[in-house]
Amino acid sequence: MTTTADDVWQLLAELATAQKETERRFQETDRQIKQVNQQLGKLGNRLGEFVEWQVRPSVVRLFRERGVNVHELQSDVSVKRIDGGLEIDLLVVNETEVVLVEVKSKLSQRDVDEHLERLEKFKRLMPRYQNMKALGAVAAMIVTDEVANYAYSQGLFVLAQSGESMVILNSLEFQPKSW
């Protein structure tokens, strides 16, 4: 059986049609992946809100138990200035001390490092706290021993889920770093 020019043209037309269908399917798959990623992002944000609402009720009590007599709680503090900005999940305050609390579902070393950077620029960006002792804390539902030890070594309080409540993991002898 010989292949004629018409056969070749027909095969090329079928190949072009198949290629267009493949391209359409790739575009549809790409669109679905973007939708799933968007939904996962929203779910991640909701999980973060859930964790923050788990930490919120206990944070003032926990710090008071550690001798930091705070009485004011602010959440979702955002500062934007010409020379920079920062966001603080929870700010726990009294007349002389302020504790910046970063809340995550699972705490990583990178989260700790980013919070340390936040603490370094806090007083510059929020000068009303300039004369106060600033302390740092990280809180999460999941905190590995390795990350907890790293955060301790950086002078941060570490709060984590224990049973139905939040606890400070640092020993009673822990001396936090102040900024």
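**Entry 1: two helices**

I looked up where helix H2 and helix H3 touch, and found that Gln109, Val112 and Asp113 in H2 meet Val147, Tyr150 and Ala151 in H3. I note here that the model is a predicted one. Two packed helices are described by the angle between their axes and the distance between the axes. I therefore looked up both values: the axes of H2 and H3 come within 9 Å and cross at roughly 20°. That angle makes H2 roughly parallel to H3, because angles under 35 degrees count as such. I recorded the crossing of H2 and H3 as right-handed.

**Entry 2: the sheet**

I next asked in what order the strands of the open sheet stand. The six strands follow the order S1-S2-S3-S4-S5-S6, and their pairing is mixed. Strand S1 (72–81) and strand S6 (165–168) are at the edges; each has a single partner strand, so one side of each lacks a neighbour in the sheet. On average, and with direction ignored, neighbouring strands of this sheet are turned by 35° against each other.

I then went through the strand pairs.

- S1 and S2 pair in the antiparallel sense over nine bridges, and a hairpin of two residues joins them. Within this pair, I found Gly85 of S2 as the bridge partner of Lys80.
- S2 and S3 are likewise listed as antiparallel, over four bridges, and they form a hairpin with three residues between them. Leu91 has Leu100 of S3 as its bridge partner, and Leu90 has Val101 of S3.
- S3 and S4 pair in the parallel sense over nine bridges. Here the bridge partner of Leu100 is Gly136 in S4.
- S4 (residues 133–142) and S5 (residues 157–162) pair in the parallel sense over four bridges. One bridge links Val138 to Val158 in S5.

**Entry 3: cover over the strands**

I checked what lies across the sheet and found helix H2 (residues 109–125), which lies across S1, strand S2 (84–93), strand S3 (97–106) and S4. H2 runs at about 95° to S2.

Is S2 enclosed or not by the rest of the structure? Seven of the 10 residues of S2 are buried, so S2 is largely enclosed. For S3, I likewise read seven buried residues of 10, and S3 is mostly covered.

**Entry 4: the nonpolar cores**

In soluble globular proteins, nonpolar side chains tend to be buried together. I looked for such groups in this model. The largest nonpolar core has 28 residues, and Ile88, Leu91, Val98, Leu100, Phe122, Tyr129 and Leu156 touch the most other members. S1, S2, S3, H2, S4, helix H3 (145–153) and S5 each supply at least two residues of this core. Which element gives the most to this core? H2 does, with five residues.

I took Val98 as an example and listed its contacts, leaving out residues up to four places away in sequence. Val98 touches Leu91, Val92, Val93, Phe122, Tyr129, Met132, Lys133, Ala134 and Leu135.

I also found a second, separate core of 20 residues, which includes Val55, Val60, Leu62 and Phe157.

**Entry 5: Val138**

I returned to Val138, which has its place in strand S4. Is Val138 buried or exposed? Val138 has a relative accessible area of 0%, so it is buried, the limit being under 20%. Apart from neighbours within four places in sequence, I found Val138 in contact with Glu102, Leu107, His115, Ala151, Leu156, Phe157, Val158 and Leu159. Val158 in this list is also the bridge partner of Val138 in S5. As a separate check I looked up Arg31, which is 107 residues from Val138 in sequence and 37 Å away in space, C-alpha to C-alpha.

**Entry 6: Asp76**

My last item was Asp76, found in strand S1. Most residues other than glycine have a negative phi. Phi of Asp76, however, is near 50°, a positive value in a residue other than glycine. I also asked how accessible Asp76 is. Its relative accessibility is 56%, and because exposed means over 50%, Asp76 counts as exposed. Asp76 thus lies in S1, one of the two edge strands of the sheet.

Note on methods. Residues are numbered from 1 along each chain as its sequence is written. This is a predicted model: local features need pLDDT of at least 70, side-chain atom pairs count only at pLDDT 80 or more; totals for chains, interfaces and linings use all residues. Side-chain values use heavy atoms; hydrogens and water are left out. Two strands pair if DSSP finds at least two bridges between them. Axes are lines fitted to C-alpha atoms, for helices over the stretch in contact, and angles run from 0 to 180 degrees between N-to-C directions. Contact means heavy atoms within 4.5 Å. Buried means under 20% relative accessible area, exposed over 50%, partly exposed in between (1.4 Å probe, protein chains only). A nonpolar core is a set of buried Ala, Val, Leu, Ile, Met, Phe, Trp, Tyr and Cys residues joined through side-chain atoms within 4.5 Å. Angles under 35 degrees count as roughly parallel, over 145 as roughly antiparallel, 65 to 115 as roughly perpendicular and the rest as oblique. A crossing is left-handed if the near helix is turned anticlockwise from the far one by less than a right angle, and right-handed if clockwise.
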